[in-house]
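Subject: Structure handover

Dear colleague,

Here is the structure I said I would pass on. My notes on the ligand site and on some helix pairs follow below it.

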Amino acid sequence: MQRVQQLRPLLPKGHVTYYKDQLLIVKGEKQFLFDSNGKKYLDFFGGIVTVSVGHCHPKVNAALTEQAQKLWHTTSIYHTEPIYEYAQKLLGKFPSKLNTVFFVNSGSEANDLALALARNYTGRFDVISMRNGYHGMTQTVLGATNLGNWKPVFPHGFNIFKSLNADPYRGIFGGSNCRDSPIQVKNRKCGCAPGVCEASDKYIEQFEEMLLHDFSHSSGPAAFLIESIQGVGGTVQYPHGYLKKSYEAVQKRGGIAIADEVQTGFGRLGSHFWGFESQGAMPDMVTMAKGIGNGFPLGAVVTTKEIADSFNKSLYFNTYGGNPLASVVGKAVLEVIEEEKLQENCAVVGDYFLKQLAALDEKAIGDVRGKGLMIGVELIDEQGKPLAAAKTAAIFEDTKNHGLLIGKGGIHGNVLRIKPPMCITKQDVDFAVDIIAKSIKQFK
Ligand SMILES: Cc1ncc(COP(=O)(O)O)c(C=O)c1O
């Protein structure tokens with residue numbers, strides 16, 4: 001660690017590292033990480049929702065090392081078999097109209113390309129993204145990332161309009177039965193009849209108003225880019241039907257609905273492989289990264305053949321996208337998810353986890369939310385305001401000291417973000433809930 005501290009100035013100051021007493025991680029195995037002192041941690045953040053099937057999974061390791069002995073790279077100017085085998089396997093996970101894939105290296109790059117594709121296809125420039133959403137850090141995509149603490153001071157992402165954050169807990173509309181989750185908002189009531197969600201209807205009304213006022217009546221936006229559940233923004237789920245209706249409002253005007261599945265994809269939500277499916281919504285384009293490669297730099301944009309093929313007015317090239325190493329890793333990850341029934345595990349263990357957290361009798365917990373193994377715990381003070389940053393930081397530090405790694409997010413940094421590798425067990429959950437409860441009790 002001493003050597004790392006000496007070398008630290010070589011990396012920029014803005015490079016975020018967690019914890020006052022920082023960690024030097026040297027090894028990973030399944031859902032566990034080990035630091036340079038040999039201390040073992042239960043990793044409930046998975047390298048920020050990236051380690052999907054477990055650290056150093058033997059099947060993924062074997063695929064990677066076998067390919068590394070044969071061929072690393074040629075780029076797309078020649079054919080290689082792994083990219084086609086992987087494309088076939090990945091596209092098999094989508095509704096049949098989404099039948100063409102571009103491979104890239106990260107989530108930001110996937111979203112950047114998605115916006116370029118949508119603009120090229122529609123011949124329009126305007127885009128909508130939701131307030132409190134996170135979509136990455138290229139200069140274009142930063143315009144769609146609507147969390148002030150990530151916004152640069154220089155101009156970025158032109159013509160990206162912001163829709164209201166459809167958050168049933170803190171948003172302007174909400175209620176106690178809005179979410180696709182075993183746990184609902186406690187501090188709001190609603191009297192909606194079964195199958196009705198007033199909060200959703202009101203957010204959609206606002207969305208339609210925005211379309212009416214902010215865009216030309218003869219040509220709407222090129223695209224609407226939205227996470228299926230917000231990740232960095234603090235695991236915010238939209239009210240029932242919002243995603244489907246907002247997609248349809250854009251599609252009706254000739255725009256493209258883009259599902260950002262960088263965090264929500266690959267079975268993490270349990271009930272479905274993709275977040276948009278869990279809300280009965282049908283996008284025209286899906287972007288993905290993180291869990292797709294279990295830590296290997298890989299991302300993708302999946303869309304219709306018509307949209308993909310319209311991108312031919314200039315050349316398209318990506319040096320590393322879908323290279324043989326990335327492709328064999330991506331395919332092995334999909335095989336592990338199937339063979340080890342990890343989507344089913346997310347459903348069962350995630351449901352148990354959410355209920356255990358909701359059962360904690362702790363006033364500092366304002367909201368428990370999420371689906372499958374994508375979970376948020378919002379911490380509040382006695383007035384219901386976001387818990388002070390110093391207190392959240394103390395809780396966060398304490399969980400780590402007791403061997404549990406979690407994330408934090410939300411615009412106020414007061415939401416504990418829990419998105420572990422998808423192979424965790426109920427015993428792991430019991431261990432984690434016990435630590436979270438004790439840390440909150442002590443430092444709230
Ligand atoms: C929903 C979402 N989209 C896009 C990105 C950007 O991905 P990357 O960091 O791989 O560029 C992230 C990263 O956290 C994300 O959470």
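Helix α5, residues 107–122, supplies the largest share of the shell around the ligand, with three residues. Please keep in mind that this is a predicted model.

The full shell consists of Ser 106, Gly 107, Ser 108, Asn 111, Tyr 134, His 135, Gly 136, Glu 227, Asp 260, Val 262, Gln 263 and Lys 290. By residue class, seven of the shell residues are polar, three are charged and two are nonpolar.

Three contacts to oxygen atoms of the ligand are worth looking at on screen. From Ser 108, a polar side-chain atom lies 2.5 Å from a ligand oxygen. The side chain of Gln 263 has an N or O atom 2.8 Å from an oxygen atom of the ligand. At Gly 107 the contact comes from the backbone, where an N or O atom lies 2.9 Å from a ligand oxygen. As for burial, the ligand has 390 Å² of accessible area on its own, and the protein covers 84% of that.

Now the helix packing. Two packed helices are described by the angle between their axes and the distance between the axes. I have three pairs to report.

Helix α3 (residues 58–70) packs with helix α10 (residues 324–339), their axes 8 Å apart and at an angle of about 155 degrees. With roughly antiparallel meaning an angle over 145 degrees, α3 and α10 therefore count as roughly antiparallel to each other. Their crossing is right-handed.

In the second pair, helix α6 (residues 198–214) and helix α7 (residues 242–252), the axes come within 10 Å and cross at roughly 20 degrees. That angle makes α6 roughly parallel to α7. The handedness of the crossing of α6 with α7 is right-handed.

The third pair is helix α11 (residues 342–358) and helix α13 (residues 426–443), whose axes cross at roughly 25 degrees and come within 10 Å. Angles under 35 degrees count as roughly parallel, so α11 is roughly parallel to α13. Here too, α11 passes α13 in a right-handed crossing.

If you open the model with the ligand in view, Ser 108 and Gln 263 are the side chains to display for the contacts at 2.5 Å and 2.8 Å.

Best regards

Technical notes:
Residues are numbered from 1 along each chain as its sequence is written. This is a predicted model: local features need pLDDT of at least 70, side-chain atom pairs count only at pLDDT 80 or more; totals for chains, interfaces and linings use all residues. Side-chain values use heavy atoms; hydrogens and water are left out. A residue is near a molecule or strand if one of its heavy atoms lies within 4 Å of it. A polar contact is a pair of N or O atoms within 3.5 Å; within protein, one must be able to donate a hydrogen and the other to accept it, and residues adjacent in sequence count only if both atoms are side-chain atoms. Accessible areas come from the Shrake-Rupley method with a 1.4 Å probe; for residues, only the protein chains shown count as cover. Helices (H or I, at least four residues) and strands (E, at least two) are DSSP runs, numbered from the N terminus. Ala, Val, Leu, Ile, Met, Phe, Trp, Tyr, Cys and Pro count as nonpolar, Asp, Glu, Lys and Arg as charged, and the others, Gly among them, as polar. Axes are lines fitted to C-alpha atoms, for helices over the stretch in contact, and angles run from 0 to 180 degrees between N-to-C directions. Angles under 35 degrees count as roughly parallel, over 145 as roughly antiparallel, 65 to 115 as roughly perpendicular and the rest as oblique. A crossing is left-handed if the near helix is turned anticlockwise from the far one by less than a right angle, and right-handed if clockwise.
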